[in-house]
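Biologist: Please pick one part of this model and go through it closely, then follow what lies around it and elsewhere in the chain. I am new to this, so explain each term when it comes up.

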Amino acid sequence: MKMVDPAADVDLNEYEMEDRRTLKRRYTTYSSEALRAALPIDEVFVAHPAFMNAVNAVSRVYELAGKTGMSQGICLEGPFGTGKTSVLKYFAASLPQDDLFAPRHDVIGIRAKRNASAGHIVNSVLRKHGYPMRRTGDETLEPRINVTKEAIRHKQGRLLWIDEASNILGSASRRMTSHPKEGTSATDLICELMEETGIGIALVGSERLTELEETESALSSRLTVHERLDNFELDETFVAFTTTFLKQCKGFDFSFFLLGEQMKNLHRVTRGNARTFKRFITECGLCVAQRGARVSIEADAAKAFRAIFGSTTSMPCPYASAA
């Protein structure tokens, strides 16, 4: 299930832009055989404890939405690349599919572009429901809001997931509602949707979401659950995550990274960031497959390090002896 609004895909964060550049480079660097063998590593998934706490919190919002008199919502914040968006993908994939040929509409996901307004939120939700966007000026906003509410009710909407939700927060360059402490047109609309349709809301974004309580008090009071995903410390959780991930990489033997000081080196290279970790291990797999092997060695790690971080990085390569 694709949870991101494709029409808003132009506002990429730094990790997503790097992912696109990395993929383009890989297709011009490695053979088709190596790509087929190693790119599936990027789909490997590990449900670690903090991740599952967030999944369970989303599940609770989904289950209670519209069933009580209290608004249901969750705020999930943390640095880029820690797996926040994957929480929804994991949760959505766990839901039963009633109709194999029809997409679900009880859970929908959109992406907030920079300086997102109420109009942007409305258009994104309506687009997910298949409504054509002909006239989108301010004079049609109120009718479109009403159509949005009706669409949510008709489709029995239970959860609206807003990725990059930090972009809905107020700033000096955006038109605010009547009082600065009461938020923006986007946050005001979200409160309205929660109150009038009963849909649960999941806001996902950077650490800026911690400002909600101070600047968006009306919305913050409706988001009763707060969860955070962070980069891994070098501890037993990182060791368990690494071990489980590497064992799921079919066709490859990455036991090199589990030997001696290599676990510390892997944490140092990836800084405990889940997305950087996956990017680095995928690159290692490509290096292994390119030389027609399946067992990773230090030379593969050195080559992957140079490919991912470049030759001018200030980070010392822990695999320099094989460089």
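Modeller: The account below starts with one helix, moves to a strand, and ends with salt bridges and two loop residues.

The model is predicted, so local features are reported only at pLDDT of at least 70 and side-chain atom pairs only at pLDDT 80 or more, while totals for chains, interfaces and linings use all residues. Residues are numbered from 1 along each chain as its sequence is written, and side-chain values use heavy atoms, with hydrogens and water left out.

The part chosen is helix 7, residues 185–197. Helices (H or I, at least four residues) and strands (E, at least two) are DSSP runs, numbered from the N terminus. The expected span of a helix is 1.5 Å times one less than its number of residues. For the 13 residues of helix 7 this gives 18 Å, and the end C-alpha atoms are 18 Å apart, which agrees.

Several residues of helix 7 are buried (under 20% relative accessible area; exposed is over 50%, partly exposed in between, with a 1.4 Å probe and protein chains only). They are Ser-185, Ala-186, Thr-187, Leu-189, Ile-190, Cys-191, Leu-193, Met-194 and Thr-197. Their cover is judged by contact, meaning heavy atoms within 4.5 Å. It includes strand 1 (73–77), strand 3 (159–163) and strand 4 (200–205), as well as helix 5 (118–128), helix 6 (141–154) and helix 9 (217–220). Just after helix 7 comes Gly-198, with a positive phi of about 80°.

Strand 3, part of that cover, also has a partner. It pairs with strand 2 in the parallel sense over five bridges; two strands pair if DSSP finds at least two bridges between them. Ile-110 of strand 2 stands opposite Ile-162 in strand 3. In strand 2 (residues 107–111), five of the five residues are buried. In a regular strand the side chains alternate between the two faces of the sheet. Here Val-107, Gly-109 and Arg-111 point one way, and Ile-108 and Ile-110 point the other.

Next come the salt bridges (a side-chain nitrogen of Lys or Arg within 4 Å of a carboxyl oxygen of Asp or Glu). Arg-279 and Asp-19 form one, at 2.7 Å from N to O. Arg-279 lies in helix 12 (residues 274–290) and Asp-19 in helix 1 (residues 14–29), so the pair ties together parts 260 residues apart in sequence. Arg-279 is buried at 9% relative accessibility, whereas Asp-19 is partly exposed at 29%. Glu-283 and Arg-25 form another, their closest N and O atoms being 2.9 Å apart. This pair also links helix 12 to helix 1, so parts 258 residues apart in sequence are tied together. Glu-283 is buried at 0%, and Arg-25 is partly exposed at 23%.

Two loop residues remain. Asn-115 has a positive phi of about 55° although it is not a glycine. Asn-115 lies in the loop between strand 2 and helix 5 and is partly exposed at 44% relative accessibility. Arg-271, also not a glycine, has a positive phi of about 55°. Arg-271 sits in the loop between helix 11 (262–270) and helix 12, and is exposed, with a relative accessible area of 53%.
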